[in-house]
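Open the model in your viewer and keep the selection panel at hand. Each stop below says what to select next and what is there.

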Amino acid sequence: MIPLSLEARNFMAYEHLALDFSQFQIACLSGPNGSGKSSILDAMTWALFEKSRANFSEEVIRLGAQEVQVQFSFELEGQTYRILRSKQRSSGKSSGKAALEFQVKSDDGFRSLTGKSVTKTQLEIINTLHMDYGLFINSSFILQGRADVFTTSSAKERKEVLADILNLKQYDLLQDKAKAKRNQFLLDKQQIQGQITQIELQLSSELFLKDQHLSLKEEYQTLSETLSNQLRLQTELESEKQQLNQARLQLEHALNRQEQLSVELQKKESDRLSLSQEKSRIQKLIDQQDAITQGYQFLQSLIEKQDQLEMLYTDYLHQQEVLRADQNEWLKLQHVKEKELQQAKNNLQNLRKEEKQWLNLLAECETIEKDWQALQNCQAEAISLEEKARVYRELEKELWSQAQKMKAFKAEKTAECQRLKAQLSADRLSLEQLKPLTETIRGLESDMENLEQMQSELEQVTAKGQSCKHLSQSLAEKITALQEIQAEIGEKTRKMQNHAADHCPLCERLLSPDDVALLLNKYQLDLEKTHQEREALERESIENEALAANCRHAFVRLTRELKHKDGLLQKLAQARLEAAKLQDLQLILKEREAVLLSAECWQESQAWQTEQTIHDALKERIEKLEYSEALHLKLQTELRHRQAAAVRHHELVKAQEAMKRLLPQLNAAKAESEALEQAYLSQAFGWEIRKKISDLEDQLRPLAHLPETINQNKAELQRLRVYQQKWEALKAGQESWEQLLLQEQRLQDDLKHLQSEALSLTTQLAELPALNARQEALSAQLTPLLSALSVTQNRERELHAKLFSLEKELSVMSALKEELLTNQSQFQGLENEHRLYTELVEIFGQKGIQAVVIENALPEIEQAANDLLSQMTEGRMHLKFQTLKSLKSRDALSETLDIFISDELGTRSYETFSAGEAFRVNFAIRLAISRTLARRAGAKLQTLVIDEGFGSQDTQGKSRLVEAINAVSNLYACILVITHVDDLKSLFPTRIEVQKFPEGSRIQLLQ
């Protein structure tokens, strides 16, 4: 990924940020602390991944702004991509809106790669880059204080640092999850084991329960037969007892019926007496029939008369209501006419007041018109002066801008002349050093030819020494393996010699004495064979050590002679570089002298003459304008004083229009008021309602005595109401006379029947004593039988409950057997899962897959670091990682991660090298790790950002940093170094200066 351009609005300290990466390959980003240098990198990572140093996305929004926008363009594998990301600040409970656009450049412009959501678009960006935020930071960025953290750590801590850089913490998380699963399966397994033990303990009592169930079942069958016989006898006795009870019930019913008959006979006699009294009452009414009929007919005639009077009275009341309504309507009509008259008088009075007001204003007409004309003249003159003032201000602004431009032009040309003079003076001094420098180069080249021959010999010796070292390590490993085999064979021999049983102590197979002897012989032969192989390897190791010692002596001799090669190379390269610069300087010197001559005549240049012409033309236009600011202010003051004339003129026009409208309204209002007053005084309205009221009063006068007549008729009706009751009683008695005669006959028949039934019941009740005696005998037989039956039933229920309980326990035993099989199967599954996750804990641990990843990554990092180190040291230095070392306390190996460096002086540990040499190693290893991370992710690493990655440096250290960066510049398309040290930024050809202002930070590209 090669950055092309970065634009941002309201991002952290920047109100507006624009940076074109295509203008440089290597640049230094400098500025005071807190000015916003690292915010530029944050803008890149926020655009790519929506992540930065801020904890939350909204924290990147500039204070006081509501939205942040970032546009980042980059090139990848020949394609140009563009990302546009924005974020709004949250308001209340609603979260801020986020937007993300991903585009690729085509022949027709940019084509969208944006997904359906921000998440899918982000995934598309990560897939295109082949890296996420963590990988991008660890590969492309060398952060402050992190560049040498790997090399400066102890050998034990280096693996932890490398694991952190390689993002192996994910395996720690997987190991924690595997441990949790393993522990959970262990707890489940222990729980299942406890359940299995408990079930087996419960199943141990199954045989006892079966025997007890069989014994109780036999007893239950015998008891069932006895209970059956007792129940049969009880049924027979109960049946006979029921028959006796039924007979007794019949006799008791007869006794009750006898008592009821006595009551019924008394009631019938009472009914016969009441019937006789009713016949006497009806007979009296029949004797008074003529008088009752006459009184009833007179009552009916009075009722008809009363109905007619009440209808007439209802009509009288209705007409009175109509009269009152008409009288109210007349009063309302009078009130309306009076109100209309008063309103007409008020309207006329208001119009006369308005007329008087406008007449007073019209009297001042001449004065108002004069003031109005003066105001219009003043306004016309003010408009003309306003236009002149606008043109005057614009010309003054252009004149000031032109003067500033000419001032800046003059200062620029003067500074350019001074700079060119200083450069010419320095260049002339430098040219004087060219001759002695040429002789120095010839001497250094002669010395370098001799050293090159020694270097070739040193490389041969180094290669032979490395071969001896590798062979020595291989022989040591083989000897160690043979020692282990010998120890194992010796242990097997010891066990077999000390064993007296028939079974093999190693494989538990049956062995005969011949088999034992055969095995001991085989072990002895294997031991002799391994001993011979070990002696041969030890001889070869001694020879290899002698050859290695010769190589070391030769290496020390050659490296001692080549000790000053680096210094000589640096001197030669520096001398050649200086000579080339001085040769180029001769050509540049003549060009600069011509440029200086041209710069000193800047006042005669066409650009200066053009600017001077523009300045004079602006001054001439201002003079021709003839604008006076004092006159303008005086006119504005006069205009404010005359503003009241406009108001008075507006009121005059309004008065003239009002008078034209008011005169017709006055005449109409006066005529309307006089007509209404005449009509009200003569009451020339409502004649229909007044005639209707008079007619109703004439109709109601004859009916005034009607209430008195109605009251008299009501009193007479009340007196004659008794004939209504007697008439109704007479009719009812006549209708029920025949019915009473029939009831009397039926009563006599019922009395005869009841007397006959009473005689029959007396005969039946004579059998009751014998029936009572038989019942007592049956009760004497049933009492002991029921007692014995109760005992048998209780025992039967008890046995039944025990049998049910035993059968339930036996069914539980059956279910427990099935549960036992299920638990045993489940226990086996949990055992397998526990074993699997135990293995996963070891695999995900530091000695498992993490160690494999580190072991696989180290050769790649070592190779990449040696390639970079070779470029920076011209092949003089070579590094190697050692992951195992021998323990001094015992004959064994332990894990480590040591760094050994080979140079012309030999192979030494990293810690013994000086600061300058260690710096190159640190830089090479850190870049190698970055490139390895990118390659393993499938990404192409073309950008490098160094945030003062090697801490505080002295003058020599700063030079080494620039030298190292230049040495690897061919590997990267863009290198950006962040620093606030002035001495360091001056060593770079391109600088990006960051300055902080109250309104926000700004950047300036200097080349």
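A residue counts as exposed when its relative accessible area is over 50%, and as buried when that value is under 20%. Keep those two cut-offs in mind for the whole tour. The model is predicted.

**Whole chain**

Start with everything shown. The chain has 1007 residues, and 33% of them are buried. Colour by secondary structure: there are 23 helices and 15 strands. About 62900 Å² of surface is exposed, 51% of it supplied by carbon and sulfur atoms. Take the contacts between residues at least 6 apart in sequence: 76% of them join residues at least 24 apart.

**Stop 1: Glu77**

Select Glu77. Which loop holds Glu77? The one between β4 (67–76) and β5 (79–88). Glu77 is exposed, because its relative accessible area is 62%, beyond the 50% cut-off. Now check the backbone. Phi of Glu77 is positive, about 55°, although the residue is not a glycine. Most residues other than glycine have a negative phi.

**Stop 2: Met12**

Go to Met12, in the loop between β1 (2–11) and β2 (14–20). Its phi is also positive, near 50°, and Met12 is not a glycine either. Buried or exposed? Met12 is buried, with a relative accessible area of 19%, under the 20% cut-off.

**Stop 3: Ser39**

From Met12, step across to Ser39. The two are in contact. Ser39 lies in helix α1 and is buried, at 6% relative accessible area. Show its other partners beyond four places in sequence: Phe11, Tyr14 and Arg53.

**Stop 4: Phe49 and Tyr133**

Stay on helix α1 (residues 37–49) and select Phe49. Add Tyr133, in helix α3 (residues 133–140). The two rings form an aromatic pair, edge-to-face, with 6.1 Å between centres and 70° between planes. This pair links distant parts of the chain, 84 residues apart. How do the two partners compare in exposure? Phe49 is buried, at 6% relative accessible area. Tyr133 is partly exposed, at 23%.

**Stop 5: more rings**

The structure holds seven aromatic pairs. Select Phe72, Phe74, Tyr81 and Phe102 together: ring pairs link them into a cluster.

Next, look for charges over rings. Show Trp46 and Arg85. The charged end of Arg85 sits over the Trp46 ring, 5.9 Å from the ring centre. Then jump to Phe997 and Arg1002. Here Arg1002 lies over the face of Phe997, 4.9 Å from the ring centre.

**Stop 6: Leu29**

Select Leu29, in strand β3 (residues 26–30). Leu29 is buried, with a relative accessible area of 0%. Now add Leu976 and draw a distance between the C-alpha atoms. They are separated by 6.8 Å, yet the two residues are 947 apart along the chain.

What does Leu29 touch, not counting residues up to four places away in sequence? Display these contacts:

- Lys37 and Ile40
- Leu976, Val977, Ile978 and Thr979
- Ile992 and Val994

**Stop 7: Tyr313**

Move to helix α8 (residues 289–362) and pick Tyr313. Tyr313 is partly exposed, at 28% relative accessibility. Beyond four places in sequence, Tyr313 touches Leu706, Pro707 and Ile710. Check the C-alpha distance from Tyr313 to Pro707: 7.4 Å, for residues 394 apart along the chain.

**Stop 8: helix α17**

Follow those contacts into helix α17 (residues 706–719). The helix has 14 residues and reaches 21 Å from first C-alpha to last, close to the 20 Å expected at 1.5 Å a residue.

Colour its buried residues: Leu706, Ile710, Asn713 and Leu717. Turn the view to look down the axis of α17. Why do the buried residues line one face of the helix? They do so because they fall within an arc of 65°. Two of the Tyr313 contacts, Leu706 and Ile710, are among these buried residues.

Finish on the face turned away from the buried side. The exposed residues there are Glu708, Gln712, Ala715, Gln718 and Arg719.

Notes: Residues are numbered from 1 along each chain as its sequence is written. This is a predicted model: local features need pLDDT of at least 70, side-chain atom pairs count only at pLDDT 80 or more; totals for chains, interfaces and linings use all residues. Side-chain values use heavy atoms; hydrogens and water are left out. Rings of Phe, Tyr and Trp (its six-membered ring) pair if their centres lie within 6.5 Å; planes under 30 degrees apart count as stacked, over 60 as edge-to-face and the rest as tilted. Helices (H or I, at least four residues) and strands (E, at least two) are DSSP runs, numbered from the N terminus. Buried means under 20% relative accessible area, exposed over 50%, partly exposed in between (1.4 Å probe, protein chains only). A charge sits over a ring if NZ of Lys or CZ of Arg is within 6 Å of the ring centre and within 35 degrees of the ring normal. Contact means heavy atoms within 4.5 Å. Accessible areas come from the Shrake-Rupley method with a 1.4 Å probe; for residues, only the protein chains shown count as cover. The expected span of a helix is 1.5 Å times one less than its number of residues. The arc is that of the directions from the helix axis to the C-beta atoms.
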